[in-house]
Protein chains: 2
Amino acid sequence: MDMRKRIILGSASPRRKELLEQIGIEFEIVVSSKEESYQSTEPEEIVKELALMKAENVAEELARKEKGSQDLRENDCTETVLVSGGDETVGGYLRNVLILGADTIVVRDGEILGKPSDEEAAFHMLGSLQGKMHQVYTGVAMLDFNGNGERQAVCHVEETKVYVHEMTEEEIRRYLAAGESMDKAGAYGVQGKFAAYIDRIEGDYYNVVGLPVAYVYQKMKEFLL
Amino acid sequence: MDMRKRIILGSASPRRKELLEQIGIEFEIVVSSKEESYQSTEPEEIVKELALMKAENVAEELARKEKGSQDLRENDCTETVLVSGGDETVGGYLRNVLILGADTIVVRDGEILGKPSDEEAAFHMLGSLQGKMHQVYTGVAMLDFNGNGERQAVCHVEETKVYVHEMTEEEIRRYLAAGESMDKAGAYGVQGKFAAYIDRIEGDYYNVVGLPVAYVYQKMKEFLL
């Protein structure tokens, strides 16, 4: 890959960092402190919206460092590639940089499960996941700025189905005691002790960890080659 | 779980060791130096046969340590549980121990792919896997000896389908250079850089790593509780 282009991961998640490292990508991490919000109602749309917002926030942050500008955002997000000029926008200040934003949610019976607020919330969340299938959606946004500051944005959502074995209350309590639930959508980490309860998945395993690395790698190639 | 029972992993694979540790099982490793061979022709049967043979070899080794006996084997392997007496067999010398054997193979278009013999073999193996689906089968055998030396044997095969993205020759060469191919059936490790090329799986992810931990955990509970 063309390493003259800077790759920026716009996420503070240690798991996403590890996954990009795992496939051999060299990158920097820049996180925006701006809060994200969404207007979509469908999970597939929400994660794309949030992923793009994270990437846009990082682009704005980087551009502001280059030039003390304030309103540089564009907020375009489609499956197809968009090209826009680079004069008075973020692209006017960014060159040869690819920014990656991502957001992951868990959906059970159509209900969105975020990160649990406390251990009791985590207990109820796991209780509602055991013995059935749920979906994990990760939205990915890539914001690419070429050598002329031209901007291309691609958004994508990856779905993985996860089938959880039945768990007793005691097993849920014991899992909670392992301390893996907090700070994770759905209150579990597929890569830890919860492996004992995952009968089957359908889709990209790493999508459940937090980043669909095969999609990210294959799409990145298009921007970097 | 009842930790008065010794759990023995009969495998030298560092990945199987890590997976059992990941789900919090306490165990010892005992590996037999005996060669395994198989008579079955179907992949699903071969891995069960090899897994049982590994477990039997370990049981024999353990029993021999207890008493210098020579021919203690039984070789029963079914999906259902078998009970046999414990007098003049391995069980006569083993008490409160659960032995786990496992074997993993990769099957593409009905052809069994083992560990590659050298880098050229690995190159051709990966070339035949790219752009299509293949199956990973892990056979698991559990040999349980209760407090009276009574033996129960359970065998199981777990199938996971793996969909590999298209790879260029250059990508295959680069992956080989990463040094993850040798000593792995199918010449790849799902948990390393190869993640960039795995679009999707159907089944237990950890089965591809080398051990279907959800099955193992759930079945072990029956022997230990």
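1. A residue counts as buried when its relative accessible area is under 20%. B:Ile99 has a relative accessible area of 0%, and therefore is buried. This is a predicted model, and the points below should be read as such.

2. Start with the surroundings of B:Ile99. The residue sits in strand β4 of chain B, residues 97-108. Beyond its neighbours within four places in sequence, B:Ile99 touches B:Ile8, B:Ala55, B:Val58, B:Ala59 and B:Leu62, among others. Its contacts also include B:Leu94, B:Ala141, B:Met142, B:Leu143 and B:Phe145. B:Ile29 is 70 residues away from B:Ile99 in sequence, yet the two C-alpha atoms are 9.5 Å apart.

3. Next, the symmetry. A turn of 180 degrees, with a shift of 0.0 Å along the axis, lays chain A on chain B with an RMSD of 0.0 Å. That is the relation of a two-fold axis. Within chain A, A:Glu202 has the C-alpha nearest the axis, at 2.2 Å. Both copies use the same surface: 100% of the contact residues of chain A recur in chain B.

4. How much area do chain A and chain B bury between them? The figure is about 2300 Å², with 48% of it on carbon and sulfur atoms. In contact are 28 residues of chain A and 28 residues of chain B.

5. The interface has polar links too. Between chain A and chain B, 22 residue pairs are in polar contact, both residues at pLDDT 80 or more. Four elements of chain A give two or more residues to the side that touches chain B: α4 (169-177), β8 (198-203), α5 (205-209) and α6. Which of them gives the most? It is β8(A), with 6 residues.

6. The rule finds 2 salt bridges across the interface of chain A and chain B. One salt bridge joins A:Glu171 to B:Lys221, with the closest N and O atoms 2.6 Å apart. A:Glu171 is also one of the buried residues of α4(A).

7. Look at α4(A) as a whole. Its buried residues are A:Glu171, A:Ile172, A:Tyr175 and A:Leu176. Seen down the axis of α4(A), these residues fall within an arc of 140 degrees, so they line one face of the helix. On the other side of α4(A), A:Glu169, A:Glu170 and A:Ala177 are exposed. The cover over the buried residues comes from both chains: it includes α3 (119-129) of chain A and α6 (213-224) of chain B. Just after α4(A), A:Gly179 has a positive phi of about 75 degrees.

8. Chain B has the matching helix, residues 169-177. In α4(B), B:Glu171, B:Ile172, B:Tyr175 and B:Leu176 are buried. Their arc around the axis is only 140 degrees, which puts them on the same side of α4(B). B:Glu169, B:Glu170 and B:Ala177 are exposed on the other side. Here the cover includes α6 (213-224) of chain A and α3 (119-129) of chain B. B:Gly179 follows α4(B), with a positive phi near 75 degrees.

9. α3 and α4 of chain B are also tied by charge. B:Glu120 and B:Arg173 form a salt bridge, N to O 3.3 Å. The pair links distant parts of the chain, with B:Glu120 in α3 and B:Arg173 in α4, 53 residues apart. B:Glu120 is partly exposed, at 38% relative accessible area. B:Arg173 is partly exposed as well, at 34%.

10. Other salt bridges lie within one helix. An α-helix has 3.6 residues a turn, so residues three or four places apart point the same way. In α6 of chain B, B:Glu222 and B:Lys219 are 3 residues apart, about one turn of the helix. Their side chains meet in a salt bridge at 3.3 Å, N to O. B:Glu222 is exposed, at 56% relative accessible area, whereas B:Lys219 counts as buried, at 17%.

11. α2 of chain A (residues 43-66) holds A:Glu45 and A:Lys48, also 3 residues apart. This salt bridge spans 3.9 Å, N to O. A:Glu45 is partly exposed, with a relative accessible area of 39%. A:Lys48 counts as buried, at 12%.

12. Finally, the wider count. How many salt bridges does a search of the whole structure find? There are 34 over all chains. In chain A, salt bridges link A:Arg108, A:Asp109, A:Glu111 and A:Lys132 in a network.

Technical notes. Residues are numbered from 1 along each chain as its sequence is written. Chains are lettered from A and ligands numbered from 1 in the order in which they are written. Side-chain values use heavy atoms; hydrogens and water are left out. Buried means under 20% relative accessible area, exposed over 50%, partly exposed in between (1.4 Å probe, protein chains only). The arc is that of the directions from the helix axis to the C-beta atoms. Contact means heavy atoms within 4.5 Å. Copies are superposed by least squares on the C-alpha atoms of residues with pLDDT of at least 70 in both. Buried area is the accessible area (1.4 Å probe) that two parts lose on being put together, summed over both. A salt bridge is a side-chain nitrogen of Lys or Arg within 4 Å of a carboxyl oxygen of Asp or Glu. A polar contact is a pair of N or O atoms within 3.5 Å; within protein, one must be able to donate a hydrogen and the other to accept it, and residues adjacent in sequence count only if both atoms are side-chain atoms.
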